[in-house]
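Grab a pencil and let's work through some side-chain packing together. Have a look at the sequence and the fold before you start.

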Amino acid sequence: MNISRLHFAHLPTPIETLPRLSDALGGPRLLVKRDDQTGLALGGNKTRKLEFLVAEAREQGAKTLISGGALQSNHCRQTAAAAARFGFECILVLTGNEPEQSSANVFLDKLFGAEIVYVAERKDRDRILQETFDRAANDGMKPYLVPYGGSSATGALGYAFAIQELVEQNIHANWIVFATSSGGTHAGLLLGQRVFGYKGKILGISIDESEEWLKEHVSALALLAGEKLGKRVEFTPDEVLANANYCSAGYGVLTEAEPEAIRLFARHEGILLDPVYTGRAAAGMIDLIRKGFFKKDESVLFLHTGGQPALFAAEYANKMSAATLEPH
């Protein structure tokens, strides 16, 4: 089946070993796949999804990309950059009050020329997103709605092919660990595992969703993404490995664990994580290592999905500084 795709991500992303972090944790062999280096607007996992989503928007004759997310959404930053690169207008619906001074991803959204609609309450975001889309359609802007996190069947294809890339890199980790939330990355990895014969286990550390929701949503989305490939691949919720033990504080709410994980990656490997996604996923992985969840002779690949601009966001900077910069 012919699948439309624009090739603009910097692929394949490199895989590095993390020997000093592994030694510090006394755990299994650790590796990292650097999807923070996909190239678009400081990189991140959404770039792989946008290769398919922007291609679909073009096919449909769209002129405007519309999406939504949290105030410091990495997905929205990459969507705005893709819009700028391929000549689309861009409107972003962001949850939060308009900051007095734009920082981090919000600053970059504006730099890429996106129009921003601020929504004070998350419960109103879906409604205002739809109203924004309808307004753009009525104004003749020919909008294309990029789903939250790029997590549609089309977007999930980016991570099905990421598994093909991983196989071609001849890396056979026993586990892939990553941050999961809207489910597109998770569904794509699950589909890619089946289609391309990857033997390792795929474990998503939830950022904000329950294990039950992830199992149901990801399995259904993987099936739909498979149909895009022309394959009827059945998935059951039990096939989805998800751990929701580390997200009880809520989306973007820092506990002691996220700054510690960020500090460990920075000081042992010179790698930067972000406070919302990779920081929480890495914290979960580190806790599982300390509890002996992974066997000593196993290898664990951490999929770095990007997001580092959020380190410089005003809403996180003070909290992060106190927790990560003091001597240890």
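Buried means under 20% relative accessible area, exposed means over 50%, and partly exposed is whatever falls in between (1.4 Å probe, protein chains only). Keep in mind that this is a predicted model, where local features need pLDDT of at least 70, side-chain atom pairs count only at pLDDT 80 or more, and totals for chains, interfaces and linings use all residues. Residues are numbered from 1 along each chain as its sequence is written, and side-chain values use heavy atoms, with hydrogens and water left out.

**Exercise 1.** Sort tyrosine 251 and tyrosine 277 by exposure, then classify their ring pair.

Step 1: tyrosine 277 has a relative accessible area of 22%, so call it partly exposed. Step 2: tyrosine 251, at 26%, is partly exposed too. Step 3: rings of Phe, Tyr and Trp (its six-membered ring) pair if their centres lie within 6.5 Å; planes under 30 degrees apart are stacked, over 60 edge-to-face, and the rest tilted. Step 4: here the centres are 5.8 Å apart with 75° between the planes, an edge-to-face pair.

**Exercise 2.** Now do the pair formed by phenylalanine 52 and phenylalanine 161.

Step 1: the centres are 5.8 Å apart and the planes 10°, which makes this pair stacked. Step 2: phenylalanine 52 is buried at 2%, while phenylalanine 161 is partly exposed at 21%. Step 3: look for company, and you'll find Phe52, Phe161 and Phe196 in one aromatic cluster.

**Exercise 3.** How many aromatic pairs does the structure hold?

Count them up and you get 8.
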